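Colleague: Please take a close look at a single part of this structure. I would like one sheet described, together with what packs on it.

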Amino acid sequence: MKVLVADKFEQSGLDALKAAGCDVIFEPDASGDTLVAAIKKTQAPVLVVRSTQVSEAMLDAGALSLIVRAGAGVNTIDVAAASRRGIYVSNCPGKNSVAVAELTMGLILALDRRIPDNVAELRAGTWNKKEYSKAKGLMGQTLGLLGFGHIGREVAKRARAFGMPVLVWSRRFMTDAEARAAVQQEFGIEVVDSPEELMQRSDIVSVHVALTKETKGFVNAALLKHARTGAYIINTARAEVMDYAALADAVKHKSIRVGLDVFENEPSSATAAFVDTLCASPGVFGTHHIGASTNQAQEAIADETVRIIRTYKDTGKVPNVVNLATQTPATHMLVVRHRDKPGVLAHVFEYLRVAHLNVQETENIIFDGAHAAVARINLDGAPSNRALDAMQSGNTDILDLQLVKLG
């Protein structure tokens, strides 16, 4: 199986893919038109990317059947276009969680002790202990986490070690009281009822929601007005989840300090000129979108990428796939108990074709000895009783038919 790796990738991962029997084409600088050309030339069924954008034009260029994002999230990939073409999209959730959590704590410490300003003055030849002796300290300061996935949980563990009370808001706990109680007990945190309550009660707020249609611009002026004067706000998630103009206003009028690892209009290349007015503001410290950029995280992501591709190569299944339907248009399930012989299911499918019924999902389970099987076929409608009778009587290897209404 050919694998086109169109981004930087650990050598250990490249070696492991080759050991798994893959033909690896490594083009870490391919993007845009050059990536379209590489996909067309190699005809590789598997594409691996990190920050490289994957457009609809790329999906039509070759023979792709699987795209793996070697990282968390899939916002760099046109997932909807991939779904229309039956191309799997997968990623590596949770593998960079510790790295991002460590950077989050680093930004919190940097804000509280103004570490970058300390360093800048020392490098400029100025000793200013009087100015930099002023800090709140973290013990006893309440940390609010917007989102509580893999990264949020790692941040909570570290914050608790600093002696910080932790508040959490997550959409997943709004309707699941059992999950809410379980995480409160496991992590020693408090789950609050709303983002507004979290803002009002937190000295420090760190954003860890995934980027979705619902979370785009989630931290906006309406939410930020609930932030405490002098609070710290951290974003190591995605720039799109935060209204940076509203954040700049909060910095100006509420003395908010801000730590950012993600920015609007980030350069697409590794090095480039970059001007950001918010990042240039006093009390705002930024890093270069490096949350996942530790050797430990990249090795873990490479291992997970290899596991996904090896599983796909060996079994046809895709771990961590993100673009399968959670609910299909199926309304009925046809259960066919049959002798395990050639042509039985073809006979059934022919009757379904004539009836203009679309198969949404199907599985065929074999009994011990491989003499009999049960097929479960989900349909977008119900065959008539006449069609069912004809289907069963037309093939002596069909032992039984049942039609089950779904939902």
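Modeller: What follows is a short overview of the chain, then the sheet, then its helices.

The model is predicted, so local features need pLDDT of at least 70 and side-chain atom pairs count only at pLDDT 80 or more, while totals for chains, interfaces and linings use all residues. Residues are numbered from 1 along each chain as its sequence is written, and side-chain values use heavy atoms, with hydrogens and water left out.

The chain has 15 helices and 16 strands (DSSP runs numbered from the N terminus: helices are H or I with at least four residues, strands E with at least two). Its C-alpha trace spans about 95 × 50 × 35 Å along the principal axes. Of the 407 residues, 44% are buried (under 20% relative accessible area with a 1.4 Å probe, counting protein chains only). Among contacts (heavy atoms within 4.5 Å) between residues at least 6 apart in sequence, 63% join residues at least 24 apart.

Now the sheet. Four strands form an open sheet in the order β14-β15-β13-β16, and the pairing is antiparallel (two strands pair if DSSP finds at least two bridges between them). The edges are β14 (359-366) and β16 (398-405); each has a single partner strand, so one side of each is left without a neighbour in the sheet. On average, neighbouring strands here are turned by 15 degrees against each other, direction ignored (axes are lines fitted to C-alpha atoms, for helices over the stretch in contact, and angles run from 0 to 180 degrees between N-to-C directions).

Start at the β14 edge. Strand β14 is joined to β15 (residues 372-379) by seven bridges, and the two run antiparallel. One residue pair can be picked out: E361 has N378 in β15 as its bridge partner. The two strands β14 and β15 make a hairpin with five residues between them. In that turn, G369 has a positive phi of about 95 degrees.

Two helices belong to this picture. Helix α14 (residues 344-354) lies across β13 (332-339), β14, β15 and β16. The direction of α14 is at about 150 degrees to β13. Helix α15 (residues 385-393) also packs on the sheet, where it touches β13 and β16. The direction of α15 makes about 155 degrees with that of β16.

To trace this part on the screen, begin at edge strand β14, follow the hairpin into β15, and continue through β13 to β16.

Notes: Buried means under 20% relative accessible area, exposed over 50%, partly exposed in between (1.4 Å probe, protein chains only).
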